[in-house]
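Trainee: I am new to this structure, and I would like to look closely at one part of it rather than hurry over everything. Please choose a place to begin, stay with it for a while, and then lead me outward to what surrounds it.

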Amino acid sequence: MARLTAGIACSHVPAIGAALDNGKAGDDYWKPLFAGFDFVKQWIAAEKPDVVFLVYNDHATAFSLDFIPTFAIGCAEEFQPADEGWGARPVPMVEGAPELASHIAQSVIEDDFDLTIVNRMEVDHGLTVPLSLMFGQPAAWPCKVIPFAVNVVQYRPPSGRRCYMLGKAIRRAIDSFPGDLNVQIWGTGGMSHQLQGPRAGLINREWDAKFLDRIVNDADSLSRTPHIEYVKQAGSEGIELVMWLIMRGAMDDEVEQVYRFYHVPASNTAVGHLVLKNKEAA
Amino acid sequence: MSEKPYGDVPGTVIFDAEQSRKGYHLNQFCMSLLKAPNRERFLADERGYLDEWKMTEEQKQAVMARDYNRMIALGGNIYFLAKIFATDGKSFQYAAALMTGMTQQDYADMMLGGGRKPESQEENSHG
């Protein structure tokens, strides 16, 4: 049976990818940020996941205003890194896991969560920056990836509660897959940041710290945080944090925090990072 | 129409269905800049390129002026508008500084200092 062995959360700021791609990771500005991911790089090399179920949002790359799926699951064999306006990132092609992805899609839809199935899609920094943070700059990514895109661009994004419950359905789907696979789920985006208007640059260190505490030990209640609180406290783009709740929902109720990191700033954004294991397995 | 619960957040436009309808052609123009040949054509003749889109004159003027706050008011969404400053070879931090009216350096310093505090904490710190 497939096993969900860990949950990871991290931000996915495009400037992080640009720093890495342009050889600036060792600069004074970026060094403390990348140092926060030294632990996970070593840890994940030992964990060797077969598949990562990667929850992220598309930033008007694969999805324009033509189609705005609330939840989209990538079932293709491969996903090319996209040109987001400055040329595609020089990172490896992303290999999919079509069999597991299709199984999850079917199972989750049977479980009353309607997904959009995507068989052709390019992936942007939302997906490739987390891969770079965990794996560095390999010639090929060391695992398969199921891209799972969440609409947080046009209001109304799904509620935190909906995301949390969806995570539980995804977990049931992974548990019921008849193949011996080591699966991780990653929730990406956030933390507090606002990229638009006169309020750009908003960071809320205190609110972020509470979010990091609660997603570990008080996730069920955290998932009921209303949309407007994210906007007011974590900035208009802080709403990306609902994607962490999909990851958290897929984990057991009781988890152990293996690692936690927080850093301000990466360009306009507060960067948060968690590594979680289920308590029984830890 | 009922009051929007997110209507009173200062300096913030929530990209909802109303904004999305207003900005449809503006945002779809931005999407076209994901292709390198379109970026070249746009930079070579901005007015000519914009005239191929069903945008309002106000939207076209805002694009040519690179007035991002105006573009947002006219229905633009920042992730779409990012294609314009990417075409200009500019970063998100460049655009963010511009929208706040700060210099690049002042904005970068503010971020290094921990960023802008939310209004709730500003009130506390003054009260």
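Mentor: Let us begin with a pair of strands in chain A, where strand β1 (residues 3-10) and strand β10 (residues 269-278) run antiparallel and are joined by four bridges. If you want one position to rest your eye on, take Ala9(A), whose bridge partner in β10(A) is Leu274(A). Please keep in mind throughout that this is a predicted model.

The pair belongs to an open sheet of eight strands in chain A, and if you walk across that sheet you meet the strands in the order β6-β3-β7-β2-β8-β1-β10-β9, with mixed pairing. At the edges of the sheet stand β6 (116-118) and β9 of chain A, each of which pairs on one side only. Without regard to direction, neighbouring strands of the sheet are turned against each other by 20° on average.

Within the sheet, strand β7 (residues 144-150) of chain A deserves a longer look. Are the residues of this strand buried or exposed? Seven of its seven residues are buried, and the strand is mostly covered. Lys144(A), Ile146(A), Phe148(A) and Val150(A) point one way from β7(A), while Val145(A), Pro147(A) and Ala149(A) point the other way, and the residues of both groups are buried. On one side, strand β2 (residues 51-56) of chain A runs parallel to β7(A) and is joined to it by six bridges, and here Val52(A) stands opposite Val145(A). With strand β3 (residues 71-74) of chain A the sense is antiparallel, and the pairing with β7(A) extends over three bridges; in this pair Phe71(A) is the residue that stands opposite Val150(A) of β7(A).

From the strands we can move to a short helix, α1 (residues 14-21) of chain A, which is largely enclosed by the rest of the structure because six of its eight residues are buried. The buried residues are Pro14(A), Ala15(A), Ile16(A), Gly17(A), Ala19(A) and Leu20(A). What covers them comes from both chains, and it includes α2 (31-35), α5 (125-135) and β9 (255-266) of chain A, together with α8 (92-100) of chain B. You have already met β9(A) as one of the edge strands of the sheet. Just after α1(A), Gly23(A) takes a positive phi of about 70°.

Elsewhere in chain A, two helices are worth studying as a pair. Two packed helices are described by the angle between their axes and the distance between the axes. For helix α6 (residues 160-175) and helix α10 (residues 242-250) of chain A, the angle is about 35° and the axes lie 6 Å apart. The crossing of α6(A) and α10(A) is right-handed. Among the residues that make the contact are Gly160(A), Cys163(A) and Gly167(A) of α6(A), and Val242(A), Ile246(A) and Gly249(A) of α10(A). By class, the residues of this contact divide into 11 nonpolar, three polar and three charged.

Since a helix of chain B already appeared among the cover of α1(A), it is natural to turn next to the contact between the two chains, which takes 33 residues from chain A and 43 residues from chain B. On the side of chain B that touches chain A, the elements giving two or more residues are α2 (24-32), α6 (68-73), α7 (78-87), α8 and α9 (104-112) of chain B. Of these, α7(B) gives the largest share, with seven residues. That side of chain B is made up of 26 nonpolar, 14 polar and three charged residues.

Chain B itself has 10 helices and zero strands, and its C-alpha trace spans about 55 × 40 × 20 Å along the principal axes. Of its 127 residues, 39% count as buried. The chain is divided into domain 1 (14-89) and domain 2 (91-127), and the C-alpha centres of these two domains of chain B lie 25 Å apart. Where they meet, four residues of domain 1 of chain B are in contact with five residues of domain 2 of chain B. On the domain 1 side of that meeting, α6 and α7 of chain B each supply at least two residues, and by class this side has three nonpolar, one polar and no charged residues.

Definitions and conventions: Residues are numbered from 1 along each chain as its sequence is written. Chains are lettered from A and ligands numbered from 1 in the order in which they are written. This is a predicted model: local features need pLDDT of at least 70, side-chain atom pairs count only at pLDDT 80 or more; totals for chains, interfaces and linings use all residues. A residue is buried if 20 or more other C-beta atoms lie within 10 Å of its own, exposed if 12 or fewer, and partly exposed in between; C-beta atoms are placed from the backbone. Two residues are in contact if their C-beta atoms, placed from the backbone, lie within 7 Å. Two strands pair if DSSP finds at least two bridges between them. Ala, Val, Leu, Ile, Met, Phe, Trp, Tyr, Cys and Pro count as nonpolar, Asp, Glu, Lys and Arg as charged, and the others, Gly among them, as polar. Axes are lines fitted to C-alpha atoms, for helices over the stretch in contact, and angles run from 0 to 180 degrees between N-to-C directions. A crossing is left-handed if the near helix is turned anticlockwise from the far one by less than a right angle, and right-handed if clockwise. Domain bounds come from an automatic or database domain assignment.
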